Amino acid sequence: MRKILVTGAAGQIGSELTMALRERYGNENVIAAGHKTEPDNGLLESGPFHFIDCREIGTVAEMVKKYKVDTIYHLAALLSAVAEEKPQLAWNVNMIGLYNVLEVARTYQCSVFTPSSIGAFGPTTPLDKTPQDTIQRPNTMYGVTKVAGELLCDYYFKRFGVDTRGVRYPGIVSYKTPPGGGTTDYAVEIYYHAIEHKKYTCYLKKGTYLDMMYMPDAIKAAIDVMEASPAKLNHRNAFNVTAMSVAPENIAAEIQRIIPEFTMDFTIDPLRQAIAESWPNSMDDSAAREEWEWQPEYDLVSMTHDMIEKLSQKLRIRIS
Ligand code: AKB
């Protein structure tokens, strides 16, 4: 049985991944760690929760020692748009935080899952069917920390034998905890606005294609890559994973099938538009499919049905 520490546990992915891990490995075996964001009651009441700061190595080491942790899901990070506004903070949280986690993992023999992102690619990367191994020259601080993080994880595996693994997440769509400060956040906001106001003003241009994934698939990817047989892995960190490549108008059209009065207009945010244009339109995730049988369950149609059903229940708004 694994003893797991999840950093960033109150965040968009962390809050759902922690609950999924608790269901799989037992509540007491999954230690949730947040920084500032208050965890919801479900997270607080179902198992251990602590506030730590990954920039302080002692706070990470203390958790690992106290609970005899053998696996760390390191999710604490700043997302792309906020990282571009606060690049110094992003370096500290994303890089120093990861370095500290890897050092603790080396010292106490832990495995480490670290999410990379489509943000690890840049304007000179092939935009369509972006290969697993290709040019990575991102022009954002978020991207710089993601590429450096991928390389650092590979280094800790080769140099010290730390079992590091990870995926390159696309935009993640979910209804439980909102994302904060990402470029792909529109793909979550659009559903809230469609249900609450029947209209949405999108900050990305029509025709801006990006990879996306529904949260249950994002969680499956994190668990499956960590449980994969090491003998089958040629890559270890930063597997491309995707479920769909969509532009804002594709999501809007799918929502309109269920909420016909929904409308969308556009007021472009130049910062997030520039970031989105530097990222792939669609990734090739065949390495993940071959090496650990990655297979998403949700496409745009099934995701939209589930999002609208679950979110309208959460918001207590009836969709007729
Ligand atoms: C962001 O938009 O910053 C994230 C990501 C794709 O890494 N959702």
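Begin the tour of this predicted model by selecting strands 9, 11 and 13, which together form an open sheet of three strands in the order 9-11-13, with mixed pairing. Colour residues 171-173 and 244-246 next, for these are strand 9 and strand 13, the edge strands of the sheet, each of which pairs on one side only. If you look along the sheet, the twist from one strand to the next averages 45 degrees.

Now select residues 210-214, which make up strand 11, and keep strand 13 in view: the two strands pair in the antiparallel sense, and three bridges join them. To find one particular pairing, pick L210 and look across to V246 in strand 13, which is its bridge partner. As background for this step, strands of a sheet pair through backbone hydrogen bonds, either parallel or antiparallel.

With the strands still displayed, add residues 215-227, the stretch of helix 8, which packs on the sheet and touches strand 9 and strand 11. The direction of helix 8 makes about 85 degrees with that of strand 11. Then add residues 186-196, helix 7, which lies across strand 9, strand 11 and strand 13 and runs at about 25 degrees to strand 9.

For the last stop, leave the sheet and select W91, which you will find in helix 5, residues 87-108. Show I96 and V144 as well, and turn on the surface, where these two residues and W91 make a nonpolar patch of about 230 Å². Is W91 itself buried, partly exposed or exposed? W91 counts as partly exposed because its relative accessibility is 36%, which falls between the cut-offs of 20% for buried and 50% for exposed.

Note on methods
Residues are numbered from 1 along each chain as its sequence is written. This is a predicted model: local features need pLDDT of at least 70, side-chain atom pairs count only at pLDDT 80 or more; totals for chains, interfaces and linings use all residues. Side-chain values use heavy atoms; hydrogens and water are left out. Two strands pair if DSSP finds at least two bridges between them. Helices (H or I, at least four residues) and strands (E, at least two) are DSSP runs, numbered from the N terminus. Axes are lines fitted to C-alpha atoms, for helices over the stretch in contact, and angles run from 0 to 180 degrees between N-to-C directions. Contact means heavy atoms within 4.5 Å. Patches are made of residues with over 30% relative accessible area and no salt bridge: like charges are joined within 9 Å, nonpolar side chains (Val, Leu, Ile, Met, Phe, Trp, Tyr) within 5 Å. Accessible areas come from the Shrake-Rupley method with a 1.4 Å probe; for residues, only the protein chains shown count as cover. A salt bridge is a side-chain nitrogen of Lys or Arg within 4 Å of a carboxyl oxygen of Asp or Glu. Buried means under 20% relative accessible area, exposed over 50%, partly exposed in between (1.4 Å probe, protein chains only).
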